Amino acid sequence: MSAQLERYEQRFRRAGLPLFIEDFSPTHDIFTRAAPLLVVVFLIEMLGATSLDWHWWQNLLAALGGLVVLIAGFGLLNRFRGRPFWSLPTRFGIPELAVFVFLPALLPVVTQEQVRQFFGIAIANLVLVGIAYVVIGYGLIATTYWGLRRLASELGNSFASLVRALPLLLVFSLVLFVTADMWQVFGGMPTAFIVLLMVAFTALSTLFLLIRLPHEVDAIERDAGSGPPLRRSQRMNLSISLVIRQWMQVLVVSAGVGLFFVGFGMLAISKHVYDQWGVTPGSWSYDITLMHHPLLISASLVKVAVGIANFTGLYYSIALLTDSTFRTDFLDNVSAELRDLFTARTEYLALRDSSGLTESPTRSA
C-alpha cells in the first residue's frame with residue numbers, strides 16, 4: 001500500500017503537480033528539499049563578518065569566528081527543538097527559517113556595526129526563502145524538467161502552430177517590417193529598452209493567461225475526471241504548470257518569427273534602403289555575400305526582428321485561448337494528459353481512504 005501511494009506521489013511530482021499530494025507540507029516537502037541550498041548559503045554568509053579594510057589574517061579569523069557563531073546558533077536551536085546538536089533538521093519551521101534569515105545578518109552588526117548590511121542580508125535571505133517556496137512548492141523545476149523531456153513533441157506542436165499562424169501573422173508583420181517608422185522606432189531603441197519590452201509583453205501575456213486559465217481548468221476538470229474538487233492551491237499549481245507549458249510554445253513561435261525576419265531583412269533591406277530611410281545599422285553590422293549579392297546584418301535589423309517577434313508572441317499567447325483553431329490544438333493535448341492525471345488522483349485518494357491514512361507514508365517516515 002505504501003509503495004503504491006509513493007508511486008502516485010512520484011508521478012504527481014514528475015508532472016510538476018506536487019500539490020496534488022495530500023498533506024503536502026511546506027515544512028517537510030518544500031524547505032527540507034531546499035535544505036542543501038539553504039545550508040550552503042547559510043555557511044557562505046560567514047563572510048559577512050569580514051571587511052575589505054582589514055588584513056587577510058584578520059578576515060580569516062573573522063570568517064572562522066562567524067562560522068563558529070552560525071554553527072553554534074543552529075546547534076543550540078537543534079538542542080532547544082529536541083534534536084542532536086550536529087543534526088540537520090528534517091522539518092523546517094518558523095524557528096529554523098528565522099535563524100537562517102536573521103543570524104547571518106547579525107555578523108556585520110557585531111563585527112563592524114553595519115546596520116545597513118543587517119537589513120540587506122536579512123531581506124536577501126527572506127527573498128531566497130520565498131523563491132524556494134514558490135519554485136519547489138509549485139513544482140516549477142519538475143514542470144520545466146517535464147517540459148524539457150517532452151521538448152521534441154512540444155517543438156513539433158509549436159512548429160505546426162507556427163506554420164498555421166504565419167499566414168495571418170505575415171499579413172500585418174510584413175507591412176510593419178518594411179516601414180521606415182518601425183525601423184526608426186526599434187532601431188534607435190536602446191538594447192535595455194528592448195529587453196524591458198520583452199519582459200513587459202511576457203508579463204502582459206502571463207496576466208491574460210492567469211485570468212483566463214481558471215475557466216479552462218474548470219472545464220478540463222469537469223471533462224477529465226471525477227473525485228473531489230481541486231483545492232485553491234492545487235488549482236494554482238495546475239495553472240502555473242499550464243502557463244509554463246504555454247510559455248514554451250510561445251517562445252518557439254516568437255523565436256521562429258524573429259529568425260524569419262532576420263533572414264528576410266538580410267535579403268530585402270540593403271544598405272541603400274538604410275540610407276533612404278535615414279536609419280543607421282546600429283552599434284554593429286556585418287557584410288555577407290550570397291550569390292554575388294551583398295547582404296547586411298545589423299543591430300538595427302535584429303532589434304526590429306525582436307520587436308516584431310514580441311508582438312507576435314503576445315498575439316499568439318492570446319490566440320491560444322481565444323482563437324478556436326489554436327485553442328483546440330493546445331487544450332486537446334493538455335486535456336488528454338490531465339485526464340490521466342485526474343484519474344490517477346482519484347485512484348490515489350481512494351487508496352488513501354481505504355488504508356485509513358490521515359498522513360501519507362512519506363511524512364511519517
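Start with the whole protein chain of this predicted model: of its 365 residues, 42% are buried. Colour by secondary structure and you will find 15 helices and two strands. Switch to a surface view, and the exposed area comes to about 19,300 Å², with carbon and sulfur atoms supplying 69% of it. If you like contact maps, look at pairs at least 6 apart in sequence: 73% of those contacts join residues at least 24 apart.

**Stop 1: the nonpolar cores**

Next, select Phe12, Phe31, Phe42, Phe100, Leu238, Leu338 and Tyr348, the residues with the most contacts inside the largest nonpolar core, which has 50 residues. Several helices each supply at least two residues of this core, including α1 (2–14), α3 (35–44), α10 (191–224) and α14 (324–355). In soluble globular proteins, nonpolar side chains tend to be buried together.

Now centre on Tyr348. Leaving out residues up to four places away in sequence, its contacts are Leu5, Tyr8, Glu9, Phe12, Phe20, Ile21 and Glu22. Another core lies apart from the one you have just seen; it has 21 residues, and Met182, Met266, Val279 and Val304 are among them.

**Stop 2: Ala105**

Move to helix α5 and pick Ala105. Is Ala105 buried or exposed? Ala105 counts as buried because its relative accessible area is 0%. Show its surroundings and, beyond residues up to four places away in sequence, you will see Ala105 touching Phe118, Ile121 and Ala122. For a distance to try in the viewer, take the C-alpha atoms of Ala105 and Ile123: they are 9.2 Å apart, with the two residues 18 apart along the chain.

**Stop 3: a patch on the surface**

Turn the surface back on and select Val39, Leu43, Ile71, Trp86 and Leu88, which make a nonpolar patch of about 490 Å². Zoom in on Ile71, in helix α4 (residues 56–80). Ile71 is classed as partly exposed because its relative accessible area is 32%, a value that also passes the over 30% cut-off for patch residues.

**Stop 4: the hairpin**

Finish at the strands. Select β1 (residues 285–290) and β2 (residues 293–298), and you will see antiparallel pairing over six bridges. Which residue of β2 stands opposite Ile288? Look across and you will find Leu295. The two strands form a hairpin with two residues between them. Click on Met291 in the turn to check its backbone: phi is positive there, at about 55 degrees.

Definitions and conventions:
Residues are numbered from 1 along each chain as its sequence is written. This is a predicted model: local features need pLDDT of at least 70, side-chain atom pairs count only at pLDDT 80 or more; totals for chains, interfaces and linings use all residues. Side-chain values use heavy atoms; hydrogens and water are left out. Patches are made of residues with over 30% relative accessible area and no salt bridge: like charges are joined within 9 Å, nonpolar side chains (Val, Leu, Ile, Met, Phe, Trp, Tyr) within 5 Å. Accessible areas come from the Shrake-Rupley method with a 1.4 Å probe; for residues, only the protein chains shown count as cover. A salt bridge is a side-chain nitrogen of Lys or Arg within 4 Å of a carboxyl oxygen of Asp or Glu. Helices (H or I, at least four residues) and strands (E, at least two) are DSSP runs, numbered from the N terminus. Buried means under 20% relative accessible area, exposed over 50%, partly exposed in between (1.4 Å probe, protein chains only). A nonpolar core is a set of buried Ala, Val, Leu, Ile, Met, Phe, Trp, Tyr and Cys residues joined through side-chain atoms within 4.5 Å. Contact means heavy atoms within 4.5 Å. Two strands pair if DSSP finds at least two bridges between them.
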